[in-house]
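Let's take a walk through this structure, stopping at a few spots that are worth a look in your viewer.

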Amino acid sequence: MKKTILVTGGTGYIGSHTVIALQEQGYNVIIVDNLSNSEEEVIYNIEKITHILPVFEKIDLVDEQACEALFNNYAIDAVIHFAAYKYVNESVNEPLRYYKNNFHSILNVLTEMQKHQIKNLVFSSSCTVYGTPDSLPVTENSPIKKAMSPYGNTKQVIEEVLEDCCKANNNLFVTSLRYFNPIGAHPSLKIGEVAKGIPPNLLPYLTQTVIGKREYLSVFGNDYDTPDGTCIRDYIHVSDLADAHVCAIQRMIEKNTISNYEVFNVGTGIGYSVLDIVHTFEKVNNLKVNYQIKGRREGDIAKIWADTRKANELLKWKAKYSLEDMLKTSWEWEKVMANKK
Ligand code: UFG
């Protein structure tokens with residue numbers, strides 16, 4: 001029988017790509033989202049790709065009663081929890097809003113899962129938990145460093161909460177996926193990242209500059225201890241990242257896990273600098289990026305990339321997209337959005 005997966009935050013950037021990957025593997029999907037950073041239109045765009053309209057519930061999971069009603073209404077086999085605020089800078093300015101939202105929603109979800117004896121959960125964590133790593137690439141055993149932002153702290157604390165819940169309940173299986181930097185858009189160009197306001201992340205800012213919405217891209221610092229002086233990150237195509245969720249769900253449902261609580265890095269294992277991104281973008285799209293070197297951005301670390309062997313071996317997952325493909329789909333998606341307006 002088809003398994004039913006509840007995807008919280010399923011109309012968001014990573015959530016929507018994951019819904020597609022799940023539907024393509026034969027899962028029933030229920031999306032819950034409060035649409036605080038996405039549009040309902042996404043569910044119809046998903047339908048255009050997979051020919052399946054996902055069930056959609058507009059609910060704020062911080063609302064305990066609404067969350068309870070949701071779990072009473074559906075028979076759910078597993079949950080993938082994306083619903084969270086995600087901007088580092090914003091979290092520094094509004095810590096309470098971040099703590100309230102990100103903690104309350106996961107606690108409500110866990111409470112309902114326990115009540116309904118739902119055994120499997122995938123949690124969106126982040127490589128931010130490694131802070132400034134002592135050595136590279138980072139493995140899942142690399143030390144967790146003091147969080148640099150309330151956003152990062154929510155990821156660390158929630159990972160601890162999940163581990164504690166797994167220790168207390170042998171029937172609960174949780175996988176935390178530590179994402180590196182997701183970029184790109186679905187190859188159909190029907191869904192992608194929709195940045196509201198001024199985008200804090202590199203790719204949407206870059207593509208908005210090239211399309212003429214922003215004057216120039218600021219490259220934050222060229223005096224880091226890296227070959228060209230700019231920061232290095234592990235950029236991963238969002239569809240590859242989405243596939244990792246399906247592998248994690250399959251592993252838990254098939255009971256292939258080694259322990260109740262497992263953690264995986266989800267990256268490509270390759271680090272690229274900000275200038276690598278700019279120059280590769282220019283080359284593959286045959287365009288010029290107007291950029292200026294500026295001072296360092298507070299809170300940035302010099303370099304991080306993933307050791308992905310654990311995910312490759314145990315999740316049987318590997319990133320497939322090249323950097324060139326990621327940067328092509330990022331640009332094509334920006335053009336699609338510009339044509340809509
Ligand atoms: N950058 C620029 N100019 C910009 C935006 C970014 O030069 O306009 C640089 C940053 O300084 C950094 C790199 O591009 O060196 C990547 O920055 P992003 O903001 O795209 O991504 P971050 O690595 O800062 O943050 C991401 C996620 C967070 C997560 C964090 C963990 O957005 O959710 O990785 O390191 F917590």
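What follows is a tour of helices, rings, cysteines and empty spaces.

Keep in mind from the start that this is a predicted model. A handy place to begin is helix H8, which covers residues 238-253. With 16 residues at 1.5 Å apiece, H8 should span 22 Å, and its end C-alpha atoms turn out to be 23 Å apart, so expectation and model agree. Is H8 enclosed by the rest of the structure or open to the outside? Largely enclosed: 13 of its 16 residues are buried. Step just past the end of H8 and you meet Lys255, which takes a positive phi of about 60°.

Now for the rings. The structure holds three aromatic pairs. One of them joins Phe281 and Trp331 in an edge-to-face arrangement, with 6.0 Å from centre to centre and 80° between the planes. Phe281 belongs to helix H9 (residues 274-285) and Trp331 to helix H11 (residues 323-340), so this pair ties together parts that lie 50 residues apart in sequence. Both partners, Phe281 and Trp331, are buried.

Rings also turn up under charged side chains. Arg97 lies over the face of Tyr85, 4.4 Å from the centre of the ring. In another such contact, Lys310 puts its charged end over the ring of Phe264, at 4.9 Å from the ring centre.

On to the cysteines. How many disulfides does a search of the whole structure find? Zero. Take Cys166: the closest cysteine sulfur to its own belongs to Cys165, but at 7.1 Å that is too far for a bond, given that a disulfide needs the two sulfur atoms within 2.5 Å. Cys166 is also buried, with a relative accessible area of 4%. Cys231 is in no disulfide either, and its nearest cysteine sulfur, in Cys127, is 12 Å away. At 5% relative accessibility, Cys231 counts as buried too.

Next, the gaps between the atoms. Rolling a probe the size of a water molecule over the atoms shows where empty space is left. The second largest pocket comes out at a volume of about 240 Å³. It is lined by 13 residues, and the closest to its centre are Leu110, Met113, Gln114, Asn169 and Leu172. Two elements give two or more residues to this lining, helix H5 (95-115) and helix H6 (150-168). H5 supplies the largest share, five residues.

As for closed spaces, the search of the whole structure finds one cavity of 30 Å³ or more. The largest cavity has a volume of about 130 Å³. Which residues lie nearest its centre? Glu193, Pro204, Thr207, Ser330 and Trp333 do, out of the 14 that line the cavity. Helix H7 (202-211) and H11 are the elements that give two or more residues to the lining of the largest cavity. You have met H11 before, as the helix that holds Trp331 of the aromatic pair.

Last stop: Ile293, which sits in strand S13 (residues 291-294). Its relative accessibility is 37%, so Ile293 counts as partly exposed. For a sense of distance, look across from Ile293 to Gln117: the two are 176 residues apart along the chain, and their C-alpha atoms are separated by 53 Å.

Technical notes:
Residues numbered from 1 in each chain as written. Predicted model: local features only at pLDDT ≥ 70, side-chain atom pairs only at ≥ 80, totals over all residues. Heavy atoms only, no water. Phe/Tyr/Trp six-rings, centres within 6.5 Å; stacked < 30°, edge-to-face > 60°. Helix = DSSP H or I, 4+ residues; strand = E, 2+ residues; numbered from the N terminus. Buried < 20%, exposed > 50% of the residue type's maximum accessible area, 1.4 Å probe, protein only. Lys NZ or Arg CZ within 6 Å of the ring centre and 35° of its normal. Expected span 1.5 Å × (residues − 1). 1 Å grid on protein atoms, 1.4 Å probe; cavity = no way out; pocket = protein on both sides within 12 Å on 5 of 7 lines; lining within 4 Å. Points joined across faces, edges and corners; volume = space filled by probe spheres on them.
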